[in-house]
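Me: Please take a close look at a single part of this model, the open four-stranded sheet, and set it beside the helices and cores described elsewhere in the chain. How are its strands ordered and paired?

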Amino acid sequence: MKLPSHDAAARTPEDGGHRVHLPRFRAGPLRQVASRLLLALLVLVLTVVIVYVDRTGYHDNSDENVDFLDAVYYSTVTLSTTGYGDIVPYSDSARLSNILLVTPLRVLFLIILVGTTLEVLAERTREQYRLNRWRSALRDHTVVVGFGTKGRSAVQTLCATGLAKNRVVVVDPNHKVIEAANADGFAGVVGDATRSDVLLRAEAQRARQFVIATQRDDTAVLVTLTARQLNRGANIVAAVREEENAPLLRQSGADAVITSASAAGRLLGMSVQSPTAGAVIEDLIQQGSGLDLVERTVVKAEVGKSVRDTDDLVVSVLRGHRLLAYDDPDASPLQAADRLITIVRAPMVQE
């Protein structure tokens, strides 16, 4: 099988970089502009009130009297730092109010005017702080490579079983796909996951498990090799289209390989022969509703008992590297180190 160095979709990433994108929660641009304009108007109104209340302490070179229009004019030119000098404060109270009140308002007005530049600087600082805090707290997370139909369904299943969204990092070469992942509450990295530097941005070396759901089988092999090189102890589950590529993926380091085309075909065939059985299987693999197929450890009260004496419906027993069916004579009695694959009601899983 030919193994290209990059995925077809990853050769031209839309943003040209491999940045980490964290979910954002902020107001829209029109709302931000409107709030700034409203704040600037409030500063102007407050300045007009201050000047008009102490209007007797101001001198107008044209008619010596300061009315409301003059107060608005003086406030406008003062806040904008124009200062024509035709209206000036001459009394002690007017000059004191300019020092203590009008000058701070002038500074605040200037901050609002240059707010866009300041916001960019503050946003960069805040984003860098969030990124550093995110990196330092990220441990034993799940890295999902590919956020198409397969990757999104896998993440939804993991979240239905209790995985927090902040413990998921999505890696995809498409910037719009990462934006969609951010909208769903997941952190994302734009880039080609076959490159180690991209996976390192997702903190792959500290991940607990990988879900590889790329569009091409050769890309899945390369991603699996890279992930296994960075993290020897992580659990790697990968999906392939062609069943003939599954052994190569296992040799690359995948712990489990799902053949999407064959699995869908088998489910279709079962549904043709027995629609009810197909519906039950569909229910089992859809976590969070109806019946769920889960893996759990043996509780202390179950040690030494038969498989049929457990509270849950046991399908298989995992003992070491052996997978024993429920009717296998070696499956009973249960041992403390065993793991059970059981069928339970979804509310029990959620609890």
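**The open sheet and its surroundings**

Reply: In this predicted model, β10 and β13 run antiparallel and are joined by seven bridges. One of the pairs is E295 with I341, the latter being the bridge partner in β13. Strand β11, residues 313-319, also pairs with β13 in the antiparallel sense, here over five bridges. Within β13, I341 stands opposite S316, and R339 stands opposite L318. I341 is thus named twice, as the partner of E295 and as the residue facing S316.

The complete order of this open sheet is β10-β13-β11-β12, four strands with antiparallel pairing. The edges are taken by β10 (291-297) and β12, each of which has a single partner strand, so one side of each is left without a neighbour in the sheet. On average, neighbouring strands here are turned by 25° against each other, direction ignored. As general background, strands of a sheet pair through backbone hydrogen bonds, in either a parallel or an antiparallel manner.

The loop that leads into β13 deserves separate attention. D338 lies in this loop, between β12 (322-325) and β13 (339-345). D338 counts as buried because its relative accessibility is 2%, under the 20% cut-off. The side chain of D338 forms a polar contact of 2.7 Å with the side chain of R319. Setting aside residues up to four places away in sequence, D338 touches T297, V298, V317, L318 and R319. Of these, L318 is the residue that stands opposite R339 in β13.

Elsewhere in the chain, two helices may be described. I50 is found in helix α1, residues 29-53. Its relative accessibility is 15%, and therefore I50 counts as buried. I50 and V102 are separated by 52 residues in sequence, yet their C-alpha atoms are 7.9 Å apart in space. Apart from neighbours within four places in sequence, I50 is in contact with S97, L101, V102 and L105.

Helix α2 comprises 12 residues, 68-79, and reaches 16 Å from its first C-alpha to its last, close to the 16 Å expected at 1.5 Å a residue. D67 caps the N-terminal end of α2, with a side-chain oxygen 3.4 Å from the backbone nitrogen of L69. The buried residues of α2 include D70, A71, Y74 and S75, along with V77, T78 and L79. After α2 comes T81, whose phi is positive, near 60°.

The nonpolar cores complete the account. The largest has 30 residues, and V171, F210 and L249 have the most contacts inside it. Helix α8, residues 217-230, supplies the largest share of this core, four residues. A second, separate core of 11 residues includes L163, V170, I178 and F186. Beyond its neighbours within four places in sequence, V171 is in contact with V143, V144, V145, G146, I178, V189, G191, A193, V198 and A202. I178, a member of the second core, is therefore also among the contacts of V171 under the 4.5 Å heavy-atom cut-off. As a general tendency in soluble globular proteins, nonpolar side chains are buried together.

Definitions and conventions
Residues numbered from 1 in each chain as written. Predicted model: local features only at pLDDT ≥ 70, side-chain atom pairs only at ≥ 80, totals over all residues. Heavy atoms only, no water. Buried < 20%, exposed > 50% of the residue type's maximum accessible area, 1.4 Å probe, protein only. Polar contact = N/O pair within 3.5 Å; in protein donor to acceptor, adjacent residues only side chain to side chain. Pairing = 2+ DSSP bridges. Axes fitted to C-alpha atoms, helices over the stretch in contact; angles between N-to-C directions. Expected span 1.5 Å × (residues − 1). Core = buried A, V, L, I, M, F, W, Y, C linked by side-chain atoms within 4.5 Å.
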